[in-house]
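Please walk me through this structure step by step, in language that a first-year student can follow, and explain how the labels given to individual residues are reached.

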Amino acid sequence: QVQLVESGGGLVQPGGSLRLSCAASGSIFSINHMAWYRQAPGKERELVASSSSGGSTTDDSVKGRFIISRDNAKNTVYLQMNSLKPEDTAVYYCYARVRTSSTYTREYQYWGQGTQVTVSS
């Protein structure tokens, strides 16, 4: 089994910054893909940023403000959020596709429990 534990959410004023962290632990052989999603009240969950061996992507709504990075040695992904806006308010979820075996190449999907980010004055 694999666990994803997020941290770093909270209340911040517009224009402020927060850094989210997500650490994966458990039966991990390798993690190719990690990402951050968010879900605002009454809206569907949406992809914010992702990181894989092929590179990183960020949604247009956060491009130039949010940066995704990884520490592969720690199985951790970060989301640096700058110039935060009230519309960034949401629960942020970490997502990972994990290979748990050196023998089998199948990947399993895991989600974190979510961390609340509130941008308000």
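In this predicted model, Glu107 has a relative accessible area of 35%, and because the class called partly exposed runs between 20% and 50%, Glu107 counts as partly exposed. The side chain of Glu107 meets that of Arg97 in a salt bridge, with 3.6 Å from N to O. This pair links distant parts of the chain, since Glu107 belongs to strand 10 (residues 107–111) and Arg97 to strand 9, with their positions 10 residues apart in the numbering. Arg97 has a relative accessible area of 27%, so this residue, too, is partly exposed.

The pair just described belongs to a wider set, for the count of salt bridges comes to 5. Another of them joins the side chains of Arg38 and Asp88, at 3.0 Å from N to O. Here again distant parts of the chain are linked: Arg38 sits in strand 4 (residues 30–39), while Asp88 is found in the loop between strand 8 (76–81) and strand 9 (90–99), and the two are 50 residues apart. Both Arg38 and Asp88 are buried.

Asp88 also has a second partner, because its side chain meets the side chain of Arg65 in a salt bridge of 2.7 Å, N to O. Arg65 lies in the loop between strand 6 (55–58) and strand 7 (66–71), and it is 23 residues apart from Asp88, which is in the loop between strand 8 and strand 9. Are these two partners buried or exposed? Arg65 has a relative accessible area of 10%, which is under the 20% limit, and therefore Arg65 is buried. Asp88 has a relative accessibility of 1%, so the same limit places Asp88 among buried residues. Taken together, Arg38, Glu46, Arg65 and Asp88 are linked in a network of salt bridges.

Two members of that network turn up again when we look at the largest pocket. The space in this pocket is about 180 Å³. Its lining consists of 13 residues, and those that lie nearest its centre are Arg38, Ala40, Lys43, Glu46 and Glu87. Sorted by class, the lining holds 8 charged residues, 3 polar ones and 2 nonpolar ones.

The loop between strand 8 and strand 9 deserves a further look, as Asn82 is also located there. With a relative accessibility of 25%, Asn82 counts as partly exposed, because this value falls between the limits of 20% and 50%. Which residues does Asn82 contact, leaving aside its neighbours within four places in sequence? They are Gly16, Ser17, Arg65 and Phe66. With Ser17 there is a polar contact from side chain to side chain, at 3.0 Å. Asn82 and Cys94, by comparison, are 12 residues apart in sequence, and their C-alpha atoms are 18 Å apart in space.

Ser83 lies in the loop between strand 8 and strand 9 as well, and its phi is near 50 degrees, a positive value in a residue other than glycine. Such a value draws attention because most residues other than glycine have a negative phi. Ser83 is partly exposed, because its relative accessibility of 41% is not over 50% and not under 20%. Asn75 likewise has a positive phi, near 50 degrees, without being a glycine, and Asn75 is placed in the loop between strand 7 and strand 8. The relative accessible area of Asn75 is 24%, so Asn75 is partly exposed.

In the loop between strand 9 and strand 10 we come to Ser101. The side chain of Ser101 reaches the backbone nitrogen of Thr103 at 2.9 Å, and a polar atom of that side chain also lies 3.2 Å from the backbone nitrogen of Tyr104.

The last stop is Ser51, which is part of strand 5 (residues 46–52). Since its relative accessibility is 8%, and buried means under 20%, Ser51 counts as buried. Not counting residues up to four places away in sequence, Ser51 touches Asn32, His33, Met34, Ser56, Ile68 and Arg70.

Definitions and conventions: Residues are numbered from 1 along each chain as its sequence is written. This is a predicted model: local features need pLDDT of at least 70, side-chain atom pairs count only at pLDDT 80 or more; totals for chains, interfaces and linings use all residues. Side-chain values use heavy atoms; hydrogens and water are left out. A salt bridge is a side-chain nitrogen of Lys or Arg within 4 Å of a carboxyl oxygen of Asp or Glu. Helices (H or I, at least four residues) and strands (E, at least two) are DSSP runs, numbered from the N terminus. Buried means under 20% relative accessible area, exposed over 50%, partly exposed in between (1.4 Å probe, protein chains only). Contact means heavy atoms within 4.5 Å. A polar contact is a pair of N or O atoms within 3.5 Å; within protein, one must be able to donate a hydrogen and the other to accept it, and residues adjacent in sequence count only if both atoms are side-chain atoms. On a 1 Å grid over the protein atoms alone, a cavity is a set of points where a 1.4 Å probe fits but cannot get out, and a pocket is an open set with protein on both sides within 12 Å along at least five of seven lines; lining residues have an atom within 4 Å of a point. Grid points are joined across faces, edges and corners, and a volume is the space filled by probe spheres set on the points. Ala, Val, Leu, Ile, Met, Phe, Trp, Tyr, Cys and Pro count as nonpolar, Asp, Glu, Lys and Arg as charged, and the others, Gly among them, as polar.
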